[in-house]
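Got your viewer open? Let's take a short walk through this one, going from the whole chain down to a single helix.

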Amino acid sequence: MAIIKDQLIEHIENKLPDSLKTHIYRSCEVGRKLCGIHSVDTEKVEIALLGHDLYRAYSDNEMLNVAEEKEIEISYVEKASPLLLHGVLASITMQEQYKVSDKQIIESIKYHTSGMEEMDEVFMTVFLADKLDPKKIEKNSQLEPINQTAQYSLSDATLMYLNMKISSIIDSGHLVHPDSLDARNSLLLKTRI
Ligand SMILES: [Fe+2]
Ligand SMILES: [Fe+2]
C-alpha cells in the first residue's frame, strides 16, 4: 500500500496543476482526521483520496475522448456534464496503471462526485473529505454545518451534503445525476430507521 501511495504522489506532483495538488493533499488531511474519529481504514481512504481527482483538470472534450478510448458507456447526463466522468476515469487508471483492485477504494473514487446507493464508511469518509476541503468551506458557508456534523456522523453529514447539492443543482437548472438521487434516497431510508 505504501508503494501505491508513493506512486500516486509522484503522479500528482508531476502531472497535476498546483491548485489540484493542494486540494488533494488537504482532502487527505481531512480524511485522516475523519478516519481517526470514526475508526475507518486510513490506508484505503488515503489511497482513494490521492487517486480521486487524477482527471479533474482535463477539459470536457479530453474527458469525453478518454472515456471513448476506454469504451466507457457515457450516459446522457454525463454527456451533458462531462466533468461527472472524472471519477470513473480515475477509477480505471487506478485499476489499470496502479493495480488497485480493492472494491471500496475503486467505488469511492468512481462515485466521489455523485455518491452512490449503498455507501459504506470508507466511501462516505472519502466523499466528505473531498467536499470538506477547508478551502471549499471558506468559499461556501453551507459546508460548515456539514463539517460539524461529519465530526459525529458520517451518514448524517453525507445526507446533508447530498440534500444541499441536489437542491442547488435543481436551482441552477442543471441535470441531477441519478446516482446522487439513489445515494440520497438510500441514506434517507437508512437514517430514518
Ligand atoms: Fe473530483
Ligand atoms: Fe476532489
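The tour begins with the overall view and then stops at one helix.

**Start with everything on screen.** Keep in mind that this is a predicted model. Switch to a cartoon and you'll find 12 helices and zero strands. Reading from the N terminus, the order of elements is α-α-α-α-α-α-α-α-α-α-α-α.

**Spin it around.** Along its principal axes, the C-alpha trace spans about 40 × 35 × 30 Å. How does the radius of gyration fit with a compact globule? For 193 residues such a globule would come out near 16 Å, and the protein has 16 Å, so the two agree.

**Colour by burial.** Buried residues account for 38% of the 193 in the protein. If you show contacts too, take those between residues at least 6 apart in sequence: 62% of them join residues at least 24 apart.

**Now select residues 143-150.** This is helix H10. Which of its residues are buried? Show the side chains of Leu143, Ile146 and Ala150: these are buried. They sit on the same side of H10, because the arc they cover around the axis is only 60 degrees.

**Flip to the other face.** Turned away from the buried side of H10, you'll meet Glu144, Pro145 and Gln148, which are exposed.

**Last stop: the neighbours.** What do the buried residues of H10 pack against? Add these selections one by one:

- helix H2, residues 18-38
- helix H8, residues 121-131
- helix H9, residues 134-139
- helix H11, residues 154-171

Notes
Residues numbered from 1 in each chain as written. Chains lettered and ligands numbered in written order. Predicted model: local features only at pLDDT ≥ 70, side-chain atom pairs only at ≥ 80, totals over all residues. Buried ≥ 20, exposed ≤ 12 C-beta atoms within 10 Å, placed from the backbone. Helix = DSSP H or I, 4+ residues; strand = E, 2+ residues; numbered from the N terminus. Arc of directions from axis to C-beta. Contact = placed C-beta atoms within 7 Å. Rg over C-alpha atoms; globule rule 2.2 N^0.38 Å.
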